[in-house]
Amino acid sequence: MTNVPSRISIIVPVYNVENYLTKCLDSLVNQSYRNIEVLVVDDGSKDKSAEIIKSFALKYPEKIKAFTKENGGLSDARNFGIELATGDYIGFVDSDDYVTETMFEEMLLLAEKHQAKMVICNIQKVNENGQITQKLTQLPNMQEKINLEDHFSVFSDISYFACNKLFRKELFEHKRFKKGVHFEDIQLIPQLLLECEIIAQTQSFHYQYLERTDSITKTHTEKGLDILKAVQDVENEFKGSRYSNKNTELKNFQIFEGVYSFLAYLAFVKNEEIFHKMSDKLTVFMKERQIKIQDILRYSRFGKNYLLSLPVKKKIFYLLFFAGQKKLIRKLI
């Protein structure tokens, strides 16, 4: 009896990305690992994305599975793909990004070598000429195989992107991306990590995150409050997990995602009324969790003081916020 090779389902939500979709899909149909299916979910695109998907489906019928649905947002499109995935493992790739040829082969090898339910790779930001603009190392100075019971610091240190990870499909048996919210990755991926005993990582920079020149400047609104709601959802799941006694790591997660990530968003909120409303919500969030200024200033990530490692302008913004100097902050931004 021969062993059937594991199958990987790669889910690609698509919405109006005609200028980038070909490069994304090329990188997937040319993966060195052959037993894959690419579920391309057109989430109601109004440009020529549908035509590009159709051409790939005709050229690579054994790999590309094309679907069209009414626009429902990123979470809805990903969930649509999860429901139809037939693989043993699931990966996500955003349709304006692309990946290296060996990404899924290496990550699958690590998953099966270490019996890991989640595998992580590094990310690099690239411009439209393919030039690397920034390297984002995910778990520096950590071994390939990570036993979470012994190294649970990763719970607060890890970046919770969905797209640089490979997941055992069983992790999604009772979990889905939350619809109608922003920061859906922060809401779900930590919950999936809590279901793992062992994760694995490669230091390879497999995922290529495109910094687009045609992106419309994001409007920073009250939707940023979804960060705090995402942290709360994770907290609720944390209480019933096998790691419920890891209080230090939970607090560090609250500080990194609930305070620092939220402030990084708040720094771009131009409307003064919304800015103050969101600031007040963060103050309540910190008070309810007994997060003190000293906790925040002492917080370290990968052994380094997080605040000291920030760019100067961001550092000033954070210090002014912690000091309660909101009028000075408004001048800064």
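In this predicted model, helix α3 packs through its buried residues against four elements: β1 (8-14), β2 (36-42), β4 (89-92) and α6 (184-193). Helix α3 itself spans residues 74-84. Its buried residues are Ser75, Asp76, Ala77, Arg78, Asn79, Gly81 and Ile82. Charged side chains are thus named in this list alongside nonpolar ones, with Asp76 and Arg78 both buried.

The largest nonpolar core holds 100 residues. Leu28, Phe92, Phe155, Phe172 and Tyr260 touch the most other members of this core. Helix α8 (residues 247-266) supplies the largest share, 10 residues. In soluble globular proteins, nonpolar side chains tend to be buried together.

Phe155 illustrates the packing. Neighbours within four places in sequence are set aside here. Beyond them, Phe155 is in contact with Tyr160, Pro190, Leu193, Leu194, Val234 and Phe238. Its contacts also include Glu249, Leu250 and Phe253. Residues 249, 250 and 253 fall within the range of helix α8, residues 247-266. Pro190 and Leu193 fall within the range of α6 (184-193), one of the elements against which the buried residues of α3 pack.

An open sheet of 4 strands was also found. Its order is β5-β12-β7-β8, and its pairing is mixed. Strands β5 (residues 98-99) and β12 (residues 207-210) run antiparallel and are joined by 2 bridges. Within this pair, Tyr98 has Gln208 of β12 as its bridge partner. On its other pairing, β12 runs parallel to β7 (residues 123-126), with 4 bridges between the two strands. Here Val126 is partnered by Leu210 of β12. The edges of the sheet are β5 and β8 (132-136). Each edge strand has a single partner, so one side of each is left without a neighbour in the sheet.

Nonpolar side chains also appear at the surface. Ile293, Leu297 and Leu319 form a nonpolar patch there, with about 210 Å² of accessible area together. Ile293 lies in helix α10, which covers residues 293-298. The relative accessible area of Ile293 is 31%, so this residue counts as partly exposed. That value also meets the patch criterion, which requires over 30%. Leu297, another patch member, falls within the range of α10, residues 293-298. In an α-helix, residues three or four places apart point the same way, because there are 3.6 residues a turn.

Definitions and conventions. Residues numbered from 1 in each chain as written. Predicted model: local features only at pLDDT ≥ 70, side-chain atom pairs only at ≥ 80, totals over all residues. Heavy atoms only, no water. Patch = residues over 30% accessible without salt bridge, like charges linked within 9 Å, V, L, I, M, F, W, Y side chains within 5 Å. Areas by Shrake-Rupley, 256 points an atom, 1.4 Å probe, with all protein chains shown as cover. Salt bridge = Lys/Arg side-chain N within 4 Å of Asp/Glu carboxyl O. Buried < 20%, exposed > 50% of the residue type's maximum accessible area, 1.4 Å probe, protein only. Pairing = 2+ DSSP bridges. Core = buried A, V, L, I, M, F, W, Y, C linked by side-chain atoms within 4.5 Å. Contact = heavy atoms within 4.5 Å.
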